[in-house]
Amino acid sequence: MTDHVHDLRSVREATDRLLTAVEKLDNAALTEESLLPGWSRGHILAHLARNADALVNVFEGRPMYESAEARDQDIERDAGRPLEEHLADLRDSGARFLATTEPDQDWSRTVELRNGVTDLAANVPFRRWVEVELHHVDLNIGYELSDLPDEFADREITFLADRWSGRPEVPPTALATGDGRGWRTGSAGDPAVTVSGTPTGLLAWLAGRGDKGASLTTSGGPLPELPPL
């Protein structure tokens with residue numbers, strides 16, 4: 001089983017890095033575009049805070065979000081707040097999430113996320129770690145995909161490769177790094193395409209970020225087009 005204690009510690013560390021970086025911004029910087037189309041930096045910070053509260057709901061057996069519409073409305077409502085309000089909300093919502101993980105509980109139980117997705121409770125801390133790390137990059141304030149912890153990058157590649165496994169619109173694909181590591185993704189069957197590159201390059205492609213595969217090399221066919229996350 002996933003080591004949720006380790007992942008919760010990683011969430012704390014990643015959140016601290018994020019807060020330290022965001023504290024250096026000003027109100028004007030929050031209105032500027034992020035790396036996510038249609039979202040300002042304020043939208044990302046609002047999403048991160050509301051995601052923490054949504055995962056509290058998951059742990060406590062409630063729907064993750066009231067509805068997709070309510071989720072989007074909450075982000076729009078909070079995006080334009082001043083820096084100090086964003087920082088306070090990030091700290092407080094993050095603390096609420098961590099507090100919900102502290103009581104003794106069955107970490108092997110199945111919990112429900114969005115859109116009918118289910119997972120083990122033990123995997124939820126890693127999902128929160130993903131949110132904090134990738135959206136820190138999305139803020140476009142100097143934290144790059146290449147700055148992500150190596151362990152995180154490897155695990156996120158594994159997670160995303162599994163996410164795209166079994167998808168009929170993605171051809172059977174082998175992923176490889178120069179140091180001999182490999183993954184498999186896409187529909188069933190022997191891999192028709194091999195995609196090679198650095199872990200950062202593979203992660204960028206799988207997550208739809210950075211150069212989105214421009215630094216990768218392929219054999220057996222073109223670089224597969226992945227569905228949006």
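Which residues does Ser40 touch, not counting residues up to four places away in sequence? Select Ser40 and display what surrounds it: Leu30, Thr31, Glu32, Glu33 and Ser34 are the residues it touches once those up to four places away are set aside, contact here meaning heavy atoms within 4.5 Å.

Before going further, note that this is a predicted model, in which local features need pLDDT of at least 70 and side-chain atom pairs count only at pLDDT 80 or more, while totals for chains, interfaces and linings use all residues. Residues are numbered from 1 along each chain as its sequence is written, and side-chain values use heavy atoms, with hydrogens and water left out.

**Stop 1: Ser40 and its loop**

Ser40 sits in the loop between α2 and α3, where helices (H or I, at least four residues) and strands (E, at least two) are DSSP runs numbered from the N terminus. Its relative accessibility is 12%, so Ser40 counts as buried; the classes are buried for under 20% relative accessible area, exposed for over 50% and partly exposed in between, with a 1.4 Å probe and protein chains only. If you add Ala79 to the selection, the C-alpha atoms of Ser40 and Ala79 are 7.7 Å apart in space, although the two residues are 39 apart in sequence.

**Stop 2: α3 against α4**

Next select α3 (41-59) together with helix α4, residues 68-79. Their axes come within 8 Å and cross at roughly 125 degrees, axes being lines fitted to C-alpha atoms, for helices over the stretch in contact, and angles running from 0 to 180 degrees between N-to-C directions. That angle makes α3 oblique to α4, since angles under 35 degrees count as roughly parallel, over 145 as roughly antiparallel, 65 to 115 as roughly perpendicular and the rest as oblique. The crossing of α3 past α4 is right-handed; a crossing is left-handed if the near helix is turned anticlockwise from the far one by less than a right angle, and right-handed if clockwise.

To see the contact itself, show Gly42, His43, Ala46, His47 and Arg50 in α3, which meet Arg71, Asp74, Ile75, Glu76, Arg77, Asp78 and Ala79 in α4. By class, this contact of α3 with α4 has three nonpolar, three polar and six charged residues, where Ala, Val, Leu, Ile, Met, Phe, Trp, Tyr, Cys and Pro count as nonpolar, Asp, Glu, Lys and Arg as charged, and the others, Gly among them, as polar.

**Stop 3: α3 against α5**

Keep α3 on screen and replace α4 with α5 (83-100). The axes of α3 and α5 are 9 Å apart and the helices pack at an angle of about 20 degrees, which makes α3 roughly parallel to α5. The crossing of α3 and α5 is left-handed. On the α3 side, the residues in contact include Leu45, Leu48, Leu55, Val56 and Phe59, and on the α5 side they include His86, Leu90, Arg96 and Phe97. By class, the contact of α3 with α5 has 10 nonpolar, five polar and four charged residues.

**Stop 4: the largest nonpolar core**

Now turn to the largest nonpolar core, which has 65 residues, and select Val22, Phe97, Leu148, Leu175, Leu203 and Leu206, those with the most contacts inside it. Such a core is a set of buried Ala, Val, Leu, Ile, Met, Phe, Trp, Tyr and Cys residues joined through side-chain atoms within 4.5 Å. Among the elements giving two or more residues to this core are α1 (4-22), α6 (124-138), α7 (150-163) and α8 (199-207), and the largest share, 11 residues, comes from α3. Centre the view on Leu203: leaving aside its neighbours within four places in sequence, Leu203 is in contact with Leu145, Leu148, Ala153, Glu156, Ile157 and Leu160.

**Stop 5: Phe126 and Ser196**

Phe126, in helix α6, is buried, with a relative accessible area of 7%. Beyond its neighbours within four places in sequence, Phe126 is in contact with Asp7, Phe152, Arg155, Glu156 and Phe159. Ser196, in strand β5, counts as partly exposed at 25% relative accessibility, and its contacts outside the residues up to four places away are Ala176, Leu216 and Thr217.

**Stop 6: two positive phi values**

Finish with Asn115, in the loop between β1 (110-112) and β2 (118-120), where phi is near 55 degrees and the residue counts as exposed at 71% relative accessibility. Lys212, in the loop between α8 and β6 (217-219), has a positive phi of about 50 degrees although it is not a glycine, and Lys212 is exposed, with a relative accessible area of 53%. Most residues other than glycine have a negative phi.
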